[in-house]
Amino acid sequence: FLIDKGNYRHFMAKEIHEQPEVVARTLAHYLDMSSGRAALPFDLPVDVAKLSRLTICGCGTAYIAGLMGKYWFERFARLPVDIEIASEFRYRDPPLEPGGLTLLISQSGETADTLASLRCAKEHGQKVLSVVNVATSTIARESDIAALTLAGPEIGVASTKAFTCQLAVLACLALAIGRARGALDDAAEAKVVAELMALPGLIAEALACESRVESLAREIAKVHNVLYLGRGTSYPLALEGALKLKEISYIHAEGYAAGELKHGPIALIDEDMPVIVIAPRDAVIEKTISNMQEVAARGGRLILIGDSALARDFAAEAEAAIVMGDIAPDFSAMVYAVPIQLIAYHTAVVMGKDADQPRNLAKSVTVE
Ligand code: G6P
């Protein structure tokens with residue numbers, strides 16, 4: 001990787017566009033394409049068939065990747081997951097079983113709270129697996145096993161390609177652990193591996209929404225608050241969308257599980273507030289649609305990210321629609337991440353903010 005911006009205005013734009021390539025490379029490291037199976041390049045440090053739970057820890061975007069991973073570990077490996085914000089975990093004296101497994105996620109491998117969580121887990125007799133982007137980092141060195149994301153150097157402060165590569169590794173880990181636990185048979189695994197292998201191409205296609213996102217960003221740049229909604233794996237992606245937007249455009253944004261709309265944020269909805277609904281065609285799409293109707297009925301500014309049929313159905317109600325292709329529901333969030341990242345990026349650009357170096361934020365937070 002050459003550390004320059006190439007033809008891009010910002011590293012963040014370059015890194016968003018690198019995702020088809022780096023996600024493909026990362027998947028190739030953890031999948032055996034010919035047999036259609038997950039193939040980890042290491043032995044896991046515990047017998048996962050006997051594992052009663054998995055603790056996942058991280059900060060910022062890495063935490064959000066872990067939250068999405070929870071859905072996959074539960075679904076493919078039937079493994080209970082505790083997902084923890086590292087700065088909470090390290091001070092809570094959590095009851096951890098000796099011989100259990102803690103999974104740390106960190107792009108830099110140097111985040112102080114995540115590193116402290118690693119040491120805390122070890123003190124409790126846990127084995128430690130980390131998903132890291134920097135092979136020589138402290139977290140990588142202190143882990144029993146470091147599972148590398150092959151994203152290459154990430155320069156933009158707001159994480160983009162490291163996030164989707166973290167998701168790729170987590171999905172592969174969930175498959176490998178699912179097989180070891182007897183939760184996934186060969187045919188099911190082959191089907192999921194094929195779905196994963198299709199992702200780089202789908203991510204490349206999703207980048208075509210950029211000009212549509214640019215015009216949407218000109219509208220978002222005028223507001224003070226944005227709400228993101230999603231269900232299932234689109235819920236962590238809603239958190240990530242809100243985090244990205246506030247990090248680099250300084251617009252206040254919140255991500256919510258769509259089902260929680262009626263428990264609070266619905267009170268905020270008016271003609272000034274864009275509500276970005278992440279609505280892939282998955283098992284809960286009908287529920288998400290009823291949330292979209294609730295937003296529209298209250299005069300909210302509905303912006304949807306979904307397939308062409310959904311965009312057609314909401315042509316009258318939605319102020320804007322970002323149309324995505326057909327994607328296997330379990331992994332739609334890895335593709336829908338592209339418009340989510342581009343919305344934040346282009347809004348920051350329209351507002352004249354430095355997307356690569358947002359105020360007050362550091363790429364790697366090595367002190368508390
Ligand atoms: C900082 C960065 C974020 C990142 C977080 C965790 O807040 O600005 O982009 O997600 O740290 O960093 P890590 O290197 O541990 O993934």
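Of the 16 residues around the ligand, which come nearest? In this predicted model, they are Gly60, Thr61, Ser106, Ser108 and Thr111.

## Ligand shell

The residues of the shell around the ligand comprise 9 polar, 6 nonpolar and 1 charged. Helix α3, spanning residues 60–77, gives the most to this shell, contributing 3 residues.

## Sheet architecture

The strands form an open sheet of 5 members, arranged in the order β4-β3-β5-β6-β7 with parallel pairing. The edges are occupied by β4 (81–85) and β7 (145–148); each has a single partner strand, so one side of each is left without a neighbour in the sheet. On average, neighbouring strands of this sheet are turned by 20° against each other, direction ignored.

At the β7 edge, the partner is strand β6 (residues 127–132), and the two pair in the parallel sense over 4 bridges. Within this part of the sheet, Val132 stands opposite Leu148 in β7.

## Helices packed on the sheet

Helix α3, which also supplies 3 residues to the ligand shell, packs on the sheet and touches β3 (54–58), β4 and β5 (101–106). The direction of α3 makes about 160° with that of β3.

Helix α5 (residues 112–123) likewise packs on the sheet, where its contacts are with β3, β5 and β6. The direction of α5 makes about 170° with that of β5. Strands β3 and β5 are thus touched by α3 and also by α5.

Key:
Residues are numbered from 1 along each chain as its sequence is written. This is a predicted model: local features need pLDDT of at least 70, side-chain atom pairs count only at pLDDT 80 or more; totals for chains, interfaces and linings use all residues. A residue is near a molecule or strand if its C-beta atom, placed from the backbone, lies within 6 Å of it. Ala, Val, Leu, Ile, Met, Phe, Trp, Tyr, Cys and Pro count as nonpolar, Asp, Glu, Lys and Arg as charged, and the others, Gly among them, as polar. Two strands pair if DSSP finds at least two bridges between them. Axes are lines fitted to C-alpha atoms, for helices over the stretch in contact, and angles run from 0 to 180 degrees between N-to-C directions. Two residues are in contact if their C-beta atoms, placed from the backbone, lie within 7 Å.
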